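Here is a friendly walk through the ring pairs, charged pairs and packed interior of this model. Please have the viewer open as you read.

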Amino acid sequence: MNYGAVTSGNLFLEFVVYHPTIAHLISEYLISNQTYIYDQMVATKDKFRPVVISRSLFPGRCNFPFDPVHSLFPWARVYNKLVEVNEDFINRVSDKYFEYWIKKENASILHAHFGTFGVRLIPLKKKTGRTSATQIPTV
């Protein structure tokens with residue numbers, strides 16, 4: 001892909017050319033015992049352009065400023081109640097939401113947090129044709 005000459009007035013283009021976008025796909029962002037996800041994203045900002053795409057947001061995330069964060073539901077409690085009512089519907093809606101933001105953010109790598117969620121996202125990975133990795137935490 002040829003982006004042409006990069007000038008000092010076009011720093012965002014220069015960043016995109018040399019820093020691929022990695023989409024961190026997570027069901028609920030940012031649960032208090034998962035702040036290492038934030039640490040990973042901040043630590044790799046010099047090599048990647050990290051983006052968060054989640055189903056819902058937890059209130060504690062305000063202590064960990066990060067942008068961009070795209071979330072289908074702004075409140076975890078609403079999301080959890082809706083999953084109880086109709087999980088299959090929520091899965092279909094969130095898959096469309098994730099697909100939209102993956103394409104809009106031009107993510108070249110998908111990083112799913114965590115194992116079971118990563119397995120559930122395999123059809124989305126195939127549909128978007130992106131490279132993917134799934135993080136499986138150890139205890």
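Tyr36 counts as partly exposed at 30% relative accessibility, where buried means under 20% relative accessible area, exposed over 50% and partly exposed in between, with a 1.4 Å probe and protein chains only. Its ring partner, Phe114, is buried at 15%. Tyr36 and Phe114 make a tilted aromatic pair, 6.3 Å centre to centre with 55° between the planes. In this convention, rings of Phe, Tyr and Trp (its six-membered ring) pair if their centres lie within 6.5 Å; planes under 30 degrees apart are stacked, over 60 edge-to-face, and the rest tilted. Tyr36 lies in helix H2 (residues 35–43) and Phe114 in the loop between S4 and helix H4 (115–120), so the pair ties together parts that are 78 residues apart in sequence. Helices (H or I, at least four residues) and strands (E, at least two) are DSSP runs, numbered from the N terminus.

A word on the source: this is a predicted model, in which local features need pLDDT of at least 70 and side-chain atom pairs count only at pLDDT 80 or more, while totals for chains, interfaces and linings use all residues. Residues are numbered from 1 along each chain as its sequence is written, and side-chain values use heavy atoms, with hydrogens and water left out.

The count of aromatic pairs comes to five. Another of them joins Phe73 and Tyr79, with ring centres 6.0 Å apart and planes at 40°, so this pair is tilted. Phe73 is buried at 14%, and Tyr79 is buried at 4%.

Both of these rings also touch Arg55: its contacts beyond four places in sequence include Phe73, Tyr79, Ser94, Phe98 and Arg120, contact meaning heavy atoms within 4.5 Å. Arg55 sits in strand S2 (residues 49–57) and is buried, with a relative accessible area of 4%. What joins the side chains of Arg55 and Ser94? A polar contact of 3.2 Å does; the term covers a pair of N or O atoms within 3.5 Å, where within protein one must be able to donate a hydrogen and the other to accept it, and residues adjacent in sequence count only if both atoms are side-chain atoms.

Now for the charged pairs. The structure holds five salt bridges, each a side-chain nitrogen of Lys or Arg within 4 Å of a carboxyl oxygen of Asp or Glu. Three of them are tabulated here.

| Salt bridge | Closest N and O atoms |
|---|---|
| Arg92 – Asp88 | 2.5 Å |
| Asp95 – Arg120 | 2.6 Å |
| Lys127 – Glu99 | 3.3 Å |

Arg92 and Asp88 both lie in helix H3, four residues apart, about one turn of the helix. Asp95 is in helix H3 and Arg120 in helix H4, so their pair ties together parts 25 residues apart in sequence. Glu99, which is buried at 11%, belongs with Lys103 and Lys127 to a network of salt bridges.

Finally, the interior. The largest nonpolar core has 14 residues, and those with the most contacts inside it include Ala23, Leu25, Ile53, Phe98 and Leu110. Such a core is a set of buried Ala, Val, Leu, Ile, Met, Phe, Trp, Tyr and Cys residues joined through side-chain atoms within 4.5 Å. Helix H3 gives the most to this core, with four residues. A second, separate core of ten residues includes Ile26, Tyr38, Val52 and Phe66.
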